[in-house]
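This report describes a helix packing, a domain assignment and the protein surfaces that face two DNA strands. The sequence and the structure are shown first.

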2 protein chains.
Amino acid sequence: MKFLNDMALFVEVVKAKSFRGAADAIGMPNSTLSRRISALEKTLGLRLLHRTTRKITLTEAGQIYYERCKRIVDEAKLAQEQLSEMLTQPSGVLRASLPVDFTVTYMAPLIAEFAKLYPGIVFDFDLTSRWVDLVNEPFDVAIRIGKPENSQLIARPLAVLPTYLYASPRYLDRSGEPAKPADLANHECLGIMKADTWTLHNGTNTTKISIGSRFTLNSVGMICRLATLDMGIIMMMEKIVADDIASGRLRRVLPQWRGAPVSACAITATRLLPAKTQHFIKFLQEHLGKV
Amino acid sequence: MKFLNDMALFVEVVKAKSFRGAADAIGMPNSTLSRRISALEKTLGLRLLHRTTRKITLTEAGQIYYERCKRIVDEAKLAQEQLSEMLTQPSGVLRASLPVDFTVTYMAPLIAEFAKLYPGIVFDFDLTSRWVDLVNEPFDVAIRIGKPENSQLIARPLAVLPTYLYASPRYLDRSGEPAKPADLANHECLGIMKADTWTLHNGTNTTKISIGSRFTLNSVGMICRLATLDMGIIMMMEKIVADDIASGRLRRVLPQWRGAPVSACAITATRLLPAKTQHFIKFLQEHLGKV
DNA sequence: GTCCATTGTTTCTTATATAGAACAAAGACT
DNA sequence: AGTCTTTGTTCTATATAAGAAACAATGGAC
């Protein structure tokens with residue numbers, strides 16, 4: 001089946017009723033076209049076109065072959081169109097791996113809006129804290145907080161979110177309110193995973209401090225919950241703890257300082273993405289930045 | 001439409017569920033296959049296959065594209081089969097240009113037999129003495145007596161037919177019976193077209209004599225008719241004058257001598273012939289030799 | 001009849017794609 | 001866990017095909 005392309009060329013020649021005309025239409029030198037049709041005829045073992053220097057006519061075999069080829073080429077065009085529709089008209093199942101708390105707090109309203117915008121898309125979300133294996137698992141996209149370690153993957157930045165320090169009033173009453181970053185060394189600092197340093201800025205200065213904690217956690221929600229239970233100080237994105245701030249369960253610590261901003265990324269295994277994924281990422285990039 | 005071939009390759013990969021397997025099946029290095037599929041994906045703008053080093057799975061787009069491609073490839077195979085059927089199962093219209101008298105006398109019975117052998121073939125014969133232009137006229141084959149002058153055409157020898165000299169008894173009574181070839185110089189020698197020499201053999205010797213005639217003709221039948229009307233001596237194939245010999249209208253002249261044998265050829269514009277033409281020529285070659 | 005414009009084919013240089021081996025990754029077997 | 005085998009990708013010399021111009025042939029215009 002090495003002559004599929006030549007079939008398309010043959011169709012063009014028949015349509016144009018001329019080698020040169022077809023060559024111009026395709027944008028190919030007529031010499032190549034002539035050679036290709038000849039090669040096709042040789043492969044098939046019989047002549048498709050009666051050539052005169054002045055005009056060409058189909059042989060009986062050519063007539064039959066043309067009918068077939070036309071259908072094939074039309075089919076191919078259809079396939080192409082259908083696929084480019086997939087590229088432009090987002091539809092299908094969007095499988096995404098999302099971080100639990102960030103998604104619940106920040107992305108939920110955006111996803112609702114996006115779902116309204118593209119009724120053709122069905123969503124299959126896996127909310128998990130682990131860094132899923134995009135190569136082996138059939139996710140279209142993964143949203144992650146922080147930098148991706150695997151260089152094979154394509155990461156697109158979505159938003160950079162500032163973080164601040166929070167603790168419960170009761171904790172601060174008990175353990176004392178830190179006045180400067182260095183004071184944190186004497187506090188229970190609840191970080192994600194095994195983070196052992198926190199970087200703080202106050203607009204002009206940056207300081208890096210070692211933190212200690214009795215907890216190693218991979219859940220933002222759990223960290224916040226522990227904070228509301230007076231277990232320590234957390235460095236957290238604003239919206240995550242908004243409710244707890246409003247209700248007084250938590251309050252800002254070292255309000256002149258802010259933590260290192262965390263970046264949210266959309267990660268994919270390839271750049272060749274269907275429209276649903278492309279639009280999803282684009283939508284998040286446009287709307288997450290304003291949060 | 002430059003990716004038709006790649007579509008076929010893609011189908012093979014999906015069918016084999018493996019690059020290597022497909023490559024082996026096609027007989028192509030897997031490196032090429034890998035590159036070609038990648039190129040196809042790049043052209044389409046989205047990924048068709050999820051690759052793991054261990055197995056490959058179709059993406060949503062790939063699934064859709066595969067369905068289409070499979071149909072296209074199947075269509076192409078069908079077209080190929082239909083055409084190869086034309087190559088093996090003779091059918092359709094066989095358009096042939098034939099010399100009038102040779103066909104009526106020598107070929108008629110063979111054609112009848114051939115027609116019985118291949119019921120699928122319909123015949124469109126143009127009996128004419130002119131050397132038709134095979135390039136411009138849609139003849140599948142032309143049968144000609146003598147050597148073809150155009151080197152572009154493909155000539156296949158069919159038969160070599162001996163010729164003898166004949167005249168009517170009354171002509172011989174009137175003009176005298178030639179005893180040796182040289183005597184022909186004093187006779188009315190009716191040749192085809194403007195033949196001005198006849199070559200004669202008697203088994204051991206060959207002699208070439210100039211002939212003169214008041215007639216320039218392009219019809220064998222007419223020459224024979226003139227001969228029966230006592231107009232001169234003709235050099236003719238045996239069967240053409242069989243009836244005239246049997247009825248005594250003509251009789252052999254210089255019976256030790258025979259004329260230069262004439263060869264019948266099948267002439268085609270190309271070697272890429274459909275089965276009907278191939279079989280026709282083969283049949284004539286096999287049966288005309290025995291006449 | 002002669003010249004001109006157009007068309008399909010051929011030729012020759014240059015560019016592109018291919019084949020084969022090396023490579024990296026990952027499952028399977030011990 | 002370590003090794004082996006299998007699989008997809010990458011690299012580079014080589015073969016194949018493309019492109020531009022020349023060519024041959026044909027039909028029309030004058």
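## Packing of H1 and H3 in chain A

In this predicted model, helix H1 (residues 4-16) of chain A and helix H3 (residues 30-44) of chain A have axes that come within 9 Å and cross at roughly 115°. The crossing of H1(A) and H3(A) is left-handed. H1(A) enters the contact through A:Asp6, A:Met7, A:Leu9, A:Phe10 and A:Val13, and H3(A) through A:Leu33, A:Arg36, A:Ile37 and A:Leu40. By class, the residues of this contact comprise seven nonpolar, no polar and two charged.

## Domains of chain A

The domain assignment divides chain A into domain 1 (2-85), domain 2 (92-159 + 263-290) and domain 3 (161-261). The centres of domain 1 of chain A and domain 2 of chain A, taken over C-alpha atoms, are 45 Å apart.

## Surface near DNA strand C

DNA strand C has 19 residues around it, of which A:Arg20, A:Ser31, A:Ser34, A:Arg51 and B:Thr53 come nearest. Of the atoms of DNA strand C that come within 4 Å of the protein, 64% belong to sugar and phosphate. Helix H2 (19-26) and H3 of chain A, together with helix H3 (30-44) of chain B, each supply at least two residues of this surface. The largest share, four residues, comes from H3(B). The surface near DNA strand C has four nonpolar, nine polar and six charged residues.

Phosphate oxygens of DNA strand C are approached by both backbone and side-chain atoms. A polar backbone atom of A:Phe19 is 3.1 Å from a phosphate oxygen of this strand. From chain B, an N or O atom in the side chain of B:Thr32 lies 3.0 Å from a phosphate oxygen, and a polar side-chain atom of B:Arg36 lies 2.9 Å from one.

## Surface near DNA strand D

Around DNA strand D there are 19 residues, and the closest are A:Thr53, B:Arg20, B:Ser31, B:Ser34 and B:Arg51. Sugar and phosphate make up 67% of the atoms of DNA strand D that come within 4 Å of the protein. Polar side-chain atoms of A:Arg35 and A:Arg36 lie 3.3 Å and 3.0 Å, respectively, from a phosphate oxygen of DNA strand D. For B:Arg20, a backbone N or O atom is 2.8 Å from a phosphate oxygen of this strand.

H3 of chain A, together with helix H2 (19-26) and H3 of chain B, are the elements that give two or more residues to the surface near DNA strand D. H3(A) provides the largest share, four residues. By class, the surface near DNA strand D has four nonpolar, nine polar and six charged residues.

Conventions: Residues are numbered from 1 along each chain as its sequence is written. Chains are lettered from A and ligands numbered from 1 in the order in which they are written. This is a predicted model: local features need pLDDT of at least 70, side-chain atom pairs count only at pLDDT 80 or more; totals for chains, interfaces and linings use all residues. Side-chain values use heavy atoms; hydrogens and water are left out. Axes are lines fitted to C-alpha atoms, for helices over the stretch in contact, and angles run from 0 to 180 degrees between N-to-C directions. A crossing is left-handed if the near helix is turned anticlockwise from the far one by less than a right angle, and right-handed if clockwise. Contact means heavy atoms within 4.5 Å. Ala, Val, Leu, Ile, Met, Phe, Trp, Tyr, Cys and Pro count as nonpolar, Asp, Glu, Lys and Arg as charged, and the others, Gly among them, as polar. A residue is near a molecule or strand if one of its heavy atoms lies within 4 Å of it. A polar contact is a pair of N or O atoms within 3.5 Å; within protein, one must be able to donate a hydrogen and the other to accept it, and residues adjacent in sequence count only if both atoms are side-chain atoms. Domain bounds come from an automatic or database domain assignment.
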